[in-house]
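I open this notebook to record what I looked up, beginning with the nonpolar interior and ending with the charged pairs.

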Amino acid sequence: MDNFLSADLIRTRFSQAMSAMYQQEVPQYGTLMQLVATVNDRALEANIALKDRLTAADEIGRLNLERHGAIRVGTADELATLRQLFAVMGMHPVGYYDLSQAGVPVHSTAFRPITDAALRRNPFRVFTSLLRPELIDDHGLREKAAEILAARDIFTPRCRALLELHQQQGGLTDEQATEFVTEALETFRWHAHSSVDSQTYQALNQQHRLIADVVCFPGCHINHLTPRTLDIDRVQQLMPSRGIDPKTLIEGPPRRQVPILLRQTSFKALEEPIIFQDGHPGNPYCTLR
């Protein structure tokens, strides 16, 4: 139908809505966005050749679009529904990563647009990890984790209804897409109230803190969201002056004249209070984001 909104536009609306939500949840992220915008402007002013190259590639208008987010889910059913959700936005699973080789009990893929045209419009991607419960050593705790995950639904009823409508119609109208973005965003929202008691959380956390992060909350809260910068070394250098505590080192290769490999950095994980089902307020919780 001609009145369906394009997947590219829905993806852009969603990434912008996620950015706004994440800035509310993590104010330092908003500060980082402002810093990156300033550094990018100065990099373009200082390097006319770079500006001309980005202009010719139609990159200037997309500099302020987030490029990369990350989430973790607990079950194959959750991942299957996420695949439907991302498909509405023209994002498809690309690649496979077995992170257990690095001691992390998940395996992962990245949902992103796959055509050149879609990537030019908005290259937003979400690195998505699925928990591997078989890597929980304690059998009883493994069964407990499966029980907790089976009892939750990380998608709102209206989100599920809109996914079904999209499949039936072959698309969403402008009004339906606006509602879809609002409902889909709830899946990725941070919840301070845990879905388990403090004892269960501590037991899972002792196995691996990422296991507790995946299992013990009502949704798959966004734990990582990054803008694109033209000078990551300068951003890393300036973060402390903006009240941001950066990671010790930039991850990736040294600075190169032709940056063919990914380099990334971030601020250190936040400590946020959580409330357990038994009413225990808990200690500040390192959110891994």
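Entry 1, the largest core. I worked from a predicted model. I looked up the largest nonpolar core, which has 46 residues. Phe14, Leu85, Phe86, Phe180 and Phe188 touch the most other members of this core. I then asked which elements supply at least two residues each. Among the helices these are H1 (7-25), H2 (27-46), H4 (76-88), H7 (157-169), H8 (174-185) and H11 (232-238). The strands S1 (68-73) and S4 (125-131) also supply at least two residues each. The largest share, six residues, comes from H2.

Entry 2, one core residue. I next examined the surroundings of phenylalanine 14, leaving aside residues up to four places away in sequence. The residues that Phe14 touches are Met89, Phe124, Val181, Ala184, Leu185 and Phe188. Phe188 is also listed with Phe14 among the members that touch the most others in the core.

Entry 3, a second core. I found a separate core of 20 residues. Trp190, Val196, Tyr201 and Phe217 are included in this second core.

Entry 4, salt bridges. How many salt bridges does the structure hold? I noted 16. Side chains of opposite charge can pair when their charged atoms come close.

Entry 5, a link between distant parts. I looked up the salt bridge between the side chains of arginine 121 and aspartate 8, where N and O lie 2.8 Å apart. Arginine 121 belongs to helix H5 (residues 116-121) and aspartate 8 to helix H1. The two residues are 113 residues apart, and their pair links distant parts of the chain. Is aspartate 8 buried or exposed? Aspartate 8 counts as buried because its relative accessible area is 15%, under the 20% limit.

Entry 6, two further pairs. The side chains of arginine 160 and aspartate 153 meet in a salt bridge of 3.0 Å, N to O. Arginine 160 is partly exposed at 36% relative accessibility, and aspartate 153 is partly exposed at 44%. I also looked up arginine 189, which forms a salt bridge with glutamate 186. The closest N and O atoms of this pair are 2.8 Å apart. Arginine 189 has a relative accessible area of 24% and is partly exposed; glutamate 186, at 29%, is partly exposed.

Entry 7, a network. Lastly, I asked which residues are joined into one network by salt bridges that share partners. I recorded Asp231, Asp233, Arg255 and Arg263.

Note on methods:
Residues numbered from 1 in each chain as written. Predicted model: local features only at pLDDT ≥ 70, side-chain atom pairs only at ≥ 80, totals over all residues. Heavy atoms only, no water. Core = buried A, V, L, I, M, F, W, Y, C linked by side-chain atoms within 4.5 Å. Buried < 20%, exposed > 50% of the residue type's maximum accessible area, 1.4 Å probe, protein only. Helix = DSSP H or I, 4+ residues; strand = E, 2+ residues; numbered from the N terminus. Contact = heavy atoms within 4.5 Å.
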